[in-house]
Amino acid sequence: MRKASNCITRQAHTWNHQGQRKRGRPKNTLRRDRHEKNKQELDGTRKEGSEQNLSQAENEMGRFLKQYSLEDKTQAGKIMSAVGKALSSSAQQRLTLLSPLDRVHQEVKTFRQQAISDTTNTVKIMEQGRTEYRGALLWMKNVSEELDPDTYKQLEKFRCVQAQVRKAKASFDRLKVDSMQKIDLLAASRCNMLSHVLVGYQNTLLTFLEKTSQ
């Protein structure tokens with residue numbers, strides 16, 4: 001059954017300055033606005049929580065062990081206290097890994113969106129030029145099979161087709177060289193990007209391992 005026309009979920013949530021609703025179903029209803037807002041908040045919470053999930057788990061486990069070690073006066077309590085302090089310290093040190101990891105993520109994302117996309121477009125243009133060159137070759141083949149040397153018009157047509165084939169071949173060769181250069185540049189830039197970005201993460205990771213292993 002359809003909802004009533006005065007139902008709140010069918011009415012536009014934003015003000016219409018004309019004073020009248022347009023015909024048809026409204027694009028922005030109260031339910032849709034709330035759904036989109038909740039979805040954005042949930043996505044942001046998931047992203048933030050996924051980055052600190054492991055650190056929070058270690059910190060909570062460390063607090064749990066330290067809390068219950070106060071009630072246990074035996075050797076096991078001392079061990080729980082030591083392990084709890086180690087986990088809490090590890091959780092604090094693990095937070096320092098978030099910044100270099102986020103930088104690596106941003107650099108790789110930018111590399112994919114710009115360098116890889118540009119190389120992909122160049123390769124697609126080269127493939128289109130190759131298709132045009134093959135089409136021109138087939139066209140010249142068909143014209144040459146029907147060519148009569150005694151007919152001036154057919155000879156002129158064959159010369160025009162030859163010129164088109166030369167033009168298509170020159171364009172394809174140029175695009176092929178551009179694609180090869182882009183691919184070589186992409187490989188070199190990827191190595192440079194990873195070697196430059198991973199240095200900071202490697203140093204931070206080594207510092208983290210040294211401090212947590214003590």
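Begin by selecting R190, which is partly exposed, with a relative accessible area of 44%. The model on screen is a predicted one. R190 belongs to helix α4, which covers residues 152-212. Now add F111 to the selection. Along the chain R190 and F111 are 79 residues apart, yet their C-alpha atoms are separated by 7.8 Å.

**Stop two: T119**

Select T119 next. T119 sits in helix α3, made of residues 98-145. Is T119 buried or exposed? Its relative accessible area is 7%, which is under the 20% cut-off, so T119 counts as buried. R190, at 44%, lies between that cut-off and the 50% above which a residue counts as exposed, and is therefore called partly exposed.

Show the atoms around T119. A polar atom of the T119 side chain lies 2.9 Å from the backbone oxygen of A115. Which residues does T119 touch, leaving aside those up to four places away in sequence? They are K182, I183 and L186. Keep K182 selected for the next stop.

**Stop three: K182 and D118**

Add D118 to K182. These two residues form a salt bridge, and their closest N and O atoms are 2.9 Å apart. The pair links distant parts of the chain: K182 is in helix α4 and D118 is in helix α3, with their positions 64 residues apart in the count along the chain. K182 is partly exposed, at 26% relative accessibility. D118 is partly exposed too, with a relative accessible area of 37%. K182 thus appears at two stops, as a residue touched by T119 and as a partner of D118 in a salt bridge.

**Stop four: K169, D173 and K176**

How many salt bridges does a search of the whole structure find? The search finds four. To see others besides the K182 pair, select K169, D173 and K176, which are linked in a network of salt bridges.

Start with D173 and K169. Their salt bridge has its closest N and O atoms 3.0 Å apart. Because D173 and K169 are four residues apart in helix α4, about one helical turn separates them.

Then turn to D173 and K176. These residues also form a salt bridge, with the closest N and O atoms 4.0 Å apart. Both D173 and K176 lie in helix α4, three residues apart, which is about one turn of the helix.

Colour the three residues by accessibility. D173 has a relative accessible area of 26% and is partly exposed. K169 counts as partly exposed at 38% relative accessibility. K176, at 34%, counts as partly exposed as well.

**Stop five: the patch around F64**

Finally, select M61, F64 and Y68 and switch on the surface. What do M61, F64 and Y68 form on the surface? They form a nonpolar patch, with about 290 Å² of accessible area together. F64 is placed in helix α1, residues 30-69. Its relative accessibility is 40%, so F64 counts as partly exposed.

How values were computed:
Residues numbered from 1 in each chain as written. Predicted model: local features only at pLDDT ≥ 70, side-chain atom pairs only at ≥ 80, totals over all residues. Heavy atoms only, no water. Helix = DSSP H or I, 4+ residues; strand = E, 2+ residues; numbered from the N terminus. Buried < 20%, exposed > 50% of the residue type's maximum accessible area, 1.4 Å probe, protein only. Polar contact = N/O pair within 3.5 Å; in protein donor to acceptor, adjacent residues only side chain to side chain. Contact = heavy atoms within 4.5 Å. Patch = residues over 30% accessible without salt bridge, like charges linked within 9 Å, V, L, I, M, F, W, Y side chains within 5 Å. Areas by Shrake-Rupley, 256 points an atom, 1.4 Å probe, with all protein chains shown as cover. Salt bridge = Lys/Arg side-chain N within 4 Å of Asp/Glu carboxyl O.
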